[in-house]
Amino acid sequence: MKLWGGRFTKETNKLVESFNESLSFDHRFYKQDIRGSIAHVKMLAKQNILTDDERDKIIEGLNSIEKDIESGVLKFDDGSEDIHSYVEAHLIERIGDTGKKLHTGRSRNDQVALDMKLYVRDEIDELKDLIYELLSEVLSIMEENTTTYMPGFTHLQKAQPTTLAHHFGAYFEMFIRDFDRLRSTRKRMNLSPLGSGAFAGTTYDLDRDYVASLLEFETATRNSMDSVSDRDYLLELLSDLAIISMHLSRLSEEIIIWNTDEYRFVEMDDTYSTGSSIMPQKKNPDIAELIRGKSGRVYGSLISLLTTMKGLPLAYNKDMQEDKEMSFDAIDTVKSLIKLMSGMLSSMKFNNERMAKSARGGFTNATDAADYLVKKNVAFRDAHEIVGSLVLYGIEQGKALDDFSLEEFRNISEYFDYDIYDAISLKTCVEKRNTKGAPGLTAIMNEIKESKKLLESIKK
């Protein structure tokens, strides 16, 4: 069924019909379309545009359509142009001419804007739940590894020793920001466009705020032209998803590196690994690699929609139909990535001894040696040069700072004494280094407490 045709004298070209249709992908928000239609007819009856009997017949018909779709009685294969035509055609088929009154005071332009907002709002809620689960897994790793030593890196070079809890705390911060962005996007988009008509409203006495309240929107949108042509909320969501996938990709990259034989910081579970078709010894981190790889796919959706929207005049244009497939794909992709990352982290084993050994190498305690000298009243720039000479000597001798004799230290600077060994020990370097106004171990414990509070607050 077409919702138009009276002005036309020829049948639509079959290729055009195929090119124009959207039911093949927009059928996924049939629930939202039916929910919006029920709210619309309730409002029409409230405003005496429809009778109570007409309202009840339409609602009963819509509910039966939803039930039959979910049970599989109805299939999305009847040649309808879109989900709106599909639902309306089946409604008229079931309840007769009363069904033709469903579209009173409404355009497909504000209808699809409503459906997409309802769909996106539901998906954001699901994404937030998934981010919450990921945050819980990250926090669990932090709690279990407060004194699991490892090297920290800058420029992918060993820099200073740290703990696994501190390292994963950085990802907790990333994912909590992702959660906040989703929450902010949901709040900003939570305005109902229904009642805007094609773009200039209608002559019917509609109660837009009533519909908005029925659909749990904060209120109705202000400008009807913007209402039907706004896709900012989708661009915001795709931007949120791109950032989430970037964070997941960064973590995947580290897991991939840590999983190499050169590092052996982690052992990937068999359930999240694959093998080689030719090399029997291989255990590949393919899931982490795919999470990393699919970030580009999500970025593509964002750039595609930005490109689609950049040259469109007001108000609605058919180009906007392109928003759906790319948005659906990005949402589906990121939901899968988050679930996979949560599962991968929960099954992964950390090689604590290997990480601690690595943390002792590469002169990661050089900065602490310089700080030791500063506390002996040596200017930091001089201390930096002294320790640089120590490192050069250590490289030549194949020794770590911890392995130097006191005589070797004092050959470089007379300020060194026996307490240097405590100052540059792994425990001292990590647990006494000041972060956020407290020694390292105390700081990470405080960070974990604050993270737990944050997690509890967003759960509520």
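**Entry 1. Largest pocket**

I began with the lining of the largest pocket and found that α19 gives the largest share, seven residues. I note here that the model is predicted. The space in this pocket comes to about 630 Å³. I then listed what sits closest to its centre: among the 29 lining residues, these are Thr-162, Thr-163, His-166, His-167 and Ala-170. Next I looked up which elements supply at least two lining residues each, and got β1, β2, α7 (164–189), α10 (232–258) and α19 (440–459). By residue class, I have ten nonpolar, eleven polar and eight charged residues in the lining.

**Entry 2. The strands**

I turned to β1 and β2, since both had come up in the pocket lining. Strand β1 covers residues 149–154 and strand β2 covers residues 157–163; I find them paired in the antiparallel sense, with five bridges. I checked the partner of Met-150 and found Thr-162 of β2 opposite. Thr-162 was already in my notes as one of the residues closest to the centre of the largest pocket. The two strands form a hairpin, and two residues lie between them. In that turn I noted His-155, with a positive phi of about 55 degrees.

**Entry 3. Nonpolar cores**

Which residues have the most contacts inside the largest nonpolar core? I read off Phe-168, Leu-241 and Leu-345, in a core of 100 residues. Helix α6 (residues 108–144) gives the most to this core, namely 16 residues. I followed Leu-345 further, leaving aside neighbours within four places in sequence. Its contacts are Leu-134, Glu-137, Val-138, Ile-141, Phe-168, Leu-251 and Ile-255. Phe-168 thus appears in my notes both as a contact of Leu-345 and as one of the residues with the most contacts inside the core. There is also a second, separate core, which has 19 residues, including Ala-383, Ile-386, Val-391 and Phe-404.

**Entry 4. Cavity**

How many cavities of 30 Å³ or more does the count give? I get one. The largest cavity holds about 40 Å³ of space. I wrote down its lining: Pro-161, Ala-359, Arg-360, Thr-364, Asn-365, Asp-402, Ile-424, Leu-426 and Cys-429. Two helices, α13 (352–360) and α18 (426–431), each supply at least two of the lining residues. By class, I record five nonpolar, two polar and two charged residues in this lining. Pro-161 of this lining falls within the residue range of β2, 157–163.

Notes
Residues numbered from 1 in each chain as written. Predicted model: local features only at pLDDT ≥ 70, side-chain atom pairs only at ≥ 80, totals over all residues. Heavy atoms only, no water. Pairing = 2+ DSSP bridges. Helix = DSSP H or I, 4+ residues; strand = E, 2+ residues; numbered from the N terminus. Core = buried A, V, L, I, M, F, W, Y, C linked by side-chain atoms within 4.5 Å. Buried < 20%, exposed > 50% of the residue type's maximum accessible area, 1.4 Å probe, protein only. Contact = heavy atoms within 4.5 Å. 1 Å grid on protein atoms, 1.4 Å probe; cavity = no way out; pocket = protein on both sides within 12 Å on 5 of 7 lines; lining within 4 Å. Points joined across faces, edges and corners; volume = space filled by probe spheres on them. Nonpolar A, V, L, I, M, F, W, Y, C, P; charged D, E, K, R; others polar.
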